[in-house]
Amino acid sequence: MKKIISVLLLLAMVLGCFAGCAPEAATEDAGLAAAKEYLYAIYKDGDQVTSNNYTLVSQVMVEDVTYPITWTTNVSENIVKITAGENGMALVTINATAEDVNYTLTGTLKNEQGQEASVSFDKIIPAKAQVGGSIVLAYPKENKFVSGNGDVYTSSSGSTKNQLDMTENEAEAVVLQIVENSDGTITFVSGEYYLYADGTHATFVKEQGDNTKFVLEAADTDGGYFVKCAVATYNGKPQYLEVYSDNLCSYGMGSDPSIYIFKLQESSVAAGTVNVEGGSTGGDSNTGNTGNNNTGSTGGDVVDTDKTSATLYYAGEKLYVTGTEYAYTSSTSGKTKIELTLSSKKADAIALTIKTNSDKTISFTASGKYLFCDGTDVKFVSSQSDNTKFVLESAGAEGKYFIKCAVANYNGNPQYLEVYKGYLTCYGMGADASIYTFELKDTSGAKGKITAASSSGGSSSGGNSSGGSSSGGSSSGGSSSGGSSSGGSTTDTSKTSATLYYTADGLYITGTEYIYNGKTTKTELVLSDKKADAIALTIKKNSDNTVSFTAEGKYLFCDATDVKFVSSQSDYTKFVLESAGTDKYYIKCAVANYNGNAQYLEVYSGYLTCYSMYDTSDKNLYIFELKDTSGANGKITAAESGSNNNSGSNSGSNSGSNSGSVNVNGKLAASIDMKGTTTLTSVTGTQTIHTANGIKYTNDKASSTTANYSNQSQYAARAYQGSTVKIEYTGMTAIVIHLDTYEQSGKTYMAGFDGMVVDGATITRDGDILTIVFASATNVFQSTNLASQTRILSIDVYTAN
């Protein structure tokens with residue numbers, strides 16, 4: 001027995017020794033962490049409301065390592081089911097119920113060692129509209145209803161469209177049945193008639209078709225819906241039912257979402273019937289988005305012309321387009337654009353050859369040159385490109401056309417040839433269609449030649465001229481906006497390492513980060529005239545032909561606001577090199593953009609930052625060289641404290657865009673960041689409170705119980721339609737609210753305060769800047785009910801000097 005006990009004791013001692021030598025727990029895999037951050041970046045700004053099926057990536061690749069993703073939710077597969085979809089994607093199938101469903105979508109990544117990392121996103125499935133039964137289509141904004149009576153509207157250009165009347169008397173509302181189609185769309189039926197909308201007409205017809213199918217999208221108001229046409233689009237934008245000038249119409253969604261919100265309301269008193277025959281549907285134009293600054297095309301269908309040569313004739317003032325170029329320089333922004341002169345004499349007209357391209361666009365040529373329009377300049381150039389292509393659209397009357405640029409757009413709006421102040425220029429189409437209307441006249445007697453631009457001068461042109469420069473930091477919410485990006489073609493470089501050298505001032509990019517504190521805060525990089533301070537970069541070519549710059553295991557990052565180094569690869573660490581001459585480059589962010597404009601690395605006020613390349617008068621700000629790394633000893637260092645010494649104006653003359661400006665008396669006393677949970681101090685189903693720097697922001701909900709914030713760090717605070725906002729700070733003379741310019745399906749979130757009346761306060765909005773000025777100093781601002789959902793990035797409060 002003693003021998004057995006001795007053996008057991010010896011065995012215990014041996015095992016104890018091995019226990020002391022147990023391996024350490026595996027540390028977190030850096031690649032897996034990077035993949036997790038990348039996956040989060042892909043979906044952090046995705047739709048929270050999921051009315052329809054959607055797809056997800058099933059894997060991500062970081063540093064040539066693939067990480068598979070398993071997607072799960074916390075609800076039954078009867079509600080949300082995830083299966084393998086096409087092209088290696090995961091398909092999420094949504095089955096709405098009679099109640100709203102809140103669910104959490106989780107993506108779990110796994111590495112080759114079996115380690116896992118997860119990211120989660122909060123989602124909502126709005127309650128399913130009940131099919132069947134008798135309803136009326138109610139318009140809650142004005143407490144009106146859609147009737148079965150209609151009329152035909154004729155515009156000043158001569159184009160016509162069908163529309164339906166609205167009525168305040170519920171008894172006159174048309175009674176509708178909701179029928180669910182096999183493809184998941186719905187149809188509104190009244191007797192033998194179907195509700196029809198195609199982006200131009202809204203009426204009733206006797207034959208069912210694609211334009212009698214609709215999709216219901218949940219609005220932010222309880223029980224409200226956006227009614228989207230299932231197939232009708234215009235310039236790629238879906239078309240919706242809309243109430244405009246007391247009529248039911250159909251348009252792409254504009255800046256005021258409240259005019260697109262309807263309720264499917266049961267009614268025991270409605271007895272209205274259809275009293276219109278559908279009439280002409282589908283032949284006329286989409287009239288554009290009446291809620292936008294650039295209202296879109298008021299023209300007709302895309303048309304062909306059998307002409308092979310013509311002069312361009314402006315019918316409004318009986319003028320011909322000549323080949324004489326004219327340089328107009330704005331007295332406010334200092335920017336120059338090229339226009340073409342007009343003449344009442346046909347002898348001055350330029351004779352154009354009309355060439356039909358393989359993509360059904362047309363080009364106008366003269367003397368071997370091409371008519372060119374890029375949303376800014378209208379001129380003749382030597383080479384064909386996308387900006388020398390145009391589309392003819394019927395202007396209503398036979399032989400009259402709107403001439404649309406095939407690719408050029410501004411803030412998502414197509415650009416058209418226009419006559420303004422006696423010159424041929426281009427803009428998004430406004431309310432006066434006549435200044436966009438041209439005829440193709442015969443060329444007999446036309447002797448005009450192409451001549452170089454004359455000296456600058458003349459009157460100020462309006463419309464969508466690009467905004468002023470932001471000389472020292474970004475405009476509110478990101479980088480400054482402007483025209484379309486310029487630069488050469490995508491260029492490869494054989495270099496695998498380099499320093500980034502700023503050609504204009506002979507400066508090197510360092511790894512020292514700098515925080516600029518203006519109306520917004522952003523990170524920039526310091527420049528140095530000493531190569532010893534330069535950061536040595538490894539240039540990595542990605543599989544999508546973009547490049548990434550790395551140093552010390554970190555990636556150069558640009559997201560339209562910050563330029564810095566980060567630990568993980570993402571779309572914002574990818575760049576495209578564009579030729580700026582021999583061995584010189586413009587460096588474009590691969591995905592980052594602002595208001596639809598590509599972002600470029602730029603040197604401004606002595607720092608490396610990023611902006612849209614709108615200032616073509618000084619492209620040197622964007623030109624870099626890739627120098628060798630010998631002698632470069634710079635290191636990546638944390639950001640130093642910033643200041644707002646980088647002065648400058650960000651107002652510009654951008655009357656056609658949403659880059660607002662601030663002009664209030666008093667001094668800036670305090671600011672509060674409203675993104676994510678940084679300043680969030682309390683949240684319930686009916687109230688959200690943010691506090692910081694002496695400012696208290698309270699949002700009291702209406703009837704919805706969806707939280708008015710997102711736990712994602714980059715999301716703006718949300719104030720839903722019908723809710724109220726209270727802002728408290730001692731001695732306020734003014735409040736400036738910076739709004740989120742985020743757009744979803746043509747819908748923006750900036751108009752909640754529009755038209756609001758509060759005693760003692762004057763409320764105005766300039767694009768994404770909301771200004772509230774008080775008649776006398778106050779400690780509390782209390783809003784009335786918001787007209788629509790509004791998303792807030794930050795709030796500044798001002799006090800007396």
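The following paragraphs describe the overall composition of a predicted model and the aromatic and charge-over-ring arrangements found in it.

The secondary structure of the protein chain comprises two helices and 56 strands. Of the 801 residues in the chain, 51% are buried, and the accessible surface amounts to about 34,700 Å², with carbon and sulfur atoms contributing 46% of that area. When contacts with a separation of 6 or more are considered, 65% of them involve residues that stand 24 or more positions apart in the protein chain.

Across the whole structure, a search for aromatic pairs returns 18. One of these joins tyrosine 43 and tryptophan 71, whose ring centres are separated by 5.7 Å and whose planes are inclined at 85 degrees, an edge-to-face arrangement. This pair connects distant parts of the chain, since tyrosine 43 belongs to helix α2 (residues 30-43) and tryptophan 71 to strand β3 (residues 65-73), with the two positions 28 residues apart. Tyrosine 43 has a relative accessibility of 17% and therefore counts as buried, the cut-off being under 20%, and tryptophan 71, with a relative accessible area of 8%, is buried as well. Both residues are also members of one aromatic cluster, which is formed by Tyr40, Tyr43, Trp71 and Phe121.

A further pair is formed by tyrosine 502 and phenylalanine 624, for which the ring centres lie 5.9 Å apart and the planes meet at 50 degrees, so the arrangement is classed as tilted. Here too the pair links distant parts of the chain, as tyrosine 502 is located in strand β33 (residues 497-502) and phenylalanine 624 in strand β44 (residues 623-627), the two being 122 residues apart. The relative accessible area of tyrosine 502 is 3%, so this residue is buried, and phenylalanine 624 is likewise buried, with a relative accessible area of 1%.

Aromatic rings in the model are also found beneath charged side chains. The charged end of lysine 441 is placed over the ring of tyrosine 313, at 4.8 Å from the centre of that ring. In another such arrangement, lysine 379 is positioned over the face of phenylalanine 372, with a distance of 5.4 Å to the ring centre.

How values were computed
Residues numbered from 1 in each chain as written. Predicted model: local features only at pLDDT ≥ 70, side-chain atom pairs only at ≥ 80, totals over all residues. Heavy atoms only, no water. Helix = DSSP H or I, 4+ residues; strand = E, 2+ residues; numbered from the N terminus. Buried < 20%, exposed > 50% of the residue type's maximum accessible area, 1.4 Å probe, protein only. Contact = heavy atoms within 4.5 Å. Areas by Shrake-Rupley, 256 points an atom, 1.4 Å probe, with all protein chains shown as cover. Phe/Tyr/Trp six-rings, centres within 6.5 Å; stacked < 30°, edge-to-face > 60°. Lys NZ or Arg CZ within 6 Å of the ring centre and 35° of its normal.
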